Amino acid sequence: MQRRESKRILVGKVPMGGDAPISVQSMLNCPAHDVEANVEQAKELAGAGCDIIRVAIPDHKAVTLIDAIKSAVDVPVVADIHYDYRLALESVAAGVDKVRINPGNIGGEDRVKAVATACKNAGVPIRVGVNSGSLEKEILAKYGGPTPEGMRDSALYHVSLLEKYDFDDIAISIKSSDVQTMVKAYELTAEACWYPLHLGVTEAGTERMGLIKSTAGIGSLLLHGIGDTIRVSLTASPVKEVYAGLDVLKAVGLRKDGINLVSCPTCGRTKVDLIGLARQVEERLKTCGKSIKVAVMGCAVNGPGEARDADIGIAGGNGCGLIFKKGEVLRKVPEDELIEELMKEIEKL
């Protein structure tokens, strides 16, 4: 696909924008003053493949999280700041890799200038975050509500506050809980500027519905070349956000690393516990780093036939199954041995 041209910035060692790979983000959700819990969760996110970690900095005491997290993991840290510009300055001084603010809610121009100057001197980019629920009264009055056009205008206005002080290491997010509004707002913003875009559906919901809404919105934009970093926001464990984000990138063909698991939806021909088998295979391969396609199919029709392009796979039979490789049957094994035999073949690849 043809990706939108955007400015390249650096979040720590992670490039964003330009032709850089699309990064996956998540946010720590432990109490801000529980340093140990936040560090442990940051380690879990790093282990899951998270590219960038965001942490809320609600007060001065929470600034200590930045050094603690950066000392524990080799993943860039973003400070999420609201209202108090001094927290942004302290976060930069503490070595944070990126600051997330809304320049319109941190006070007068002198405060915006102070943050822009500190970030520029330290080489720290700023993410301008705009949500449909936080648009300015003037914009709401102009458009009659939180429209995509209003969200674009708000984002560009906040960007202009930083540009005024010669700061352009900027990423933009313009999130909405409504998928159609979110998609249109990003499309309009993508046309209006060249800054990298952070994609996400805010307040997307629980693990099930949040994943569906996020995939619809983020996936749609990615398939049209829009987006430079993503977060799948879920009312669930941040680790699940990371796995979901990586899976979205795989689904649209933007990440080739790791397992590509395919499985059929079952039908009347299925005579093994395919649903259980597929779940076990998915769990066993969650941390497998091999870039291979694995098939878990219900019968010989969907096995070596329809899934012949799989690097390795299993196809169910009557209490048994076939192990096949690139469409060629290797052997027949009992159902209770299918998983282990499949894992042995994967280890050989």
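**Exercise 1. Two paired strands**

Task: Find how many bridges join strand E4 to strand E5, and in which sense the two strands run.

Solution. Start with E4, residues 52-56, and E5, residues 77-80. Four bridges join them, and the strands run parallel. Now pick one residue pair. Arginine 54 stands opposite valine 78 in E5. Keep in mind that the model is a predicted one.

**Exercise 2. The whole sheet**

Task: Place E4 and E5 in the order of the open sheet, then name the edge strands.

Solution. Eight strands form this open sheet. Their order is E8-E7-E6-E5-E4-E3-E10-E9. E5 therefore stands between E6 and E4 in that order, and two strands count as paired here if DSSP finds at least two bridges between them. The pairing is parallel. The edges are E8 and E9, the latter covering 198-199. Each of these pairs on one side only.

**Exercise 3. Strand E7**

Task: Decide whether strand E7 is largely enclosed or open, and describe its pairing with E6 and E8.

Solution. Step one is burial. A residue is buried when its relative accessible area is under 20%. E7 spans residues 126-131 and has six residues, five of them buried, so the rest of the structure largely encloses this strand.

Step two is the pairing with E6, residues 98-101. Three bridges link E6 and E7 in the parallel sense. Valine 128 in E7 is the bridge partner of isoleucine 101.

Step three is the pairing with E8, residues 170-175. Here six bridges are found, and E7 and E8 run parallel. Glycine 129 stands opposite serine 173 in E8.

**Exercise 4. Helices H2 and H9**

Task: Name the buried residues of H2 and part of what covers them. Then say which strands H9 lies across.

Solution. Helix H2 runs over residues 64-72. Leu65, Ile66, Ala68 and Ile69 are buried in this helix. Their cover includes helix H1 (35-48) and helix H3 (85-93). It also includes E4 and E5, the strands of the opening exercise.

Turn to helix H9, residues 238-251. H9 lies across strand E3 (23-27) and strand E10 (229-230). It runs at about 160° to E3.

**Exercise 5. Three loop residues**

Task: Locate glycine 123, aspartate 166 and lysine 326, and classify each by its accessibility.

Solution. Glycine 123 sits in the loop between helix H4 (109-122) and E7. Its relative accessible area is 47%, so it is partly exposed. Arginine 152 is 29 residues away in sequence, and the C-alpha atoms of the two are 26 Å apart.

Aspartate 166 belongs to the loop between helix H6 (148-163) and E8. Its relative accessibility is 54%, so it counts as exposed, the cut-off being over 50%. Phi is near 60° here, a positive value in a residue other than glycine.

Lysine 326 is in the loop between strand E14 (320-325) and strand E15 (328-334). Its relative accessible area is 48%, so it is partly exposed. Its phi is positive as well, about 50°, although lysine 326 is not a glycine.

**Exercise 6. The whole protein**

Task: State how many helices and strands there are, and what share of the residues is buried.

Solution. Count the elements: twelve helices and 15 strands. Then burial: 52% of the 349 residues count as buried. Add the extent: the C-alpha atoms fill a box of roughly 75 × 45 × 30 Å along the principal axes. Last, the charges: the mean positions of the 43 positive and 47 negative ones lie 2 Å apart.

Methods
Residues are numbered from 1 along each chain as its sequence is written. This is a predicted model: local features need pLDDT of at least 70, side-chain atom pairs count only at pLDDT 80 or more; totals for chains, interfaces and linings use all residues. Side-chain values use heavy atoms; hydrogens and water are left out. Buried means under 20% relative accessible area, exposed over 50%, partly exposed in between (1.4 Å probe, protein chains only). Lys and Arg count as positive and Asp and Glu as negative; His and the chain ends are not counted. The place of a charge is taken as NZ of Lys, CZ of Arg, CG of Asp or CD of Glu. Contact means heavy atoms within 4.5 Å. Axes are lines fitted to C-alpha atoms, for helices over the stretch in contact, and angles run from 0 to 180 degrees between N-to-C directions.
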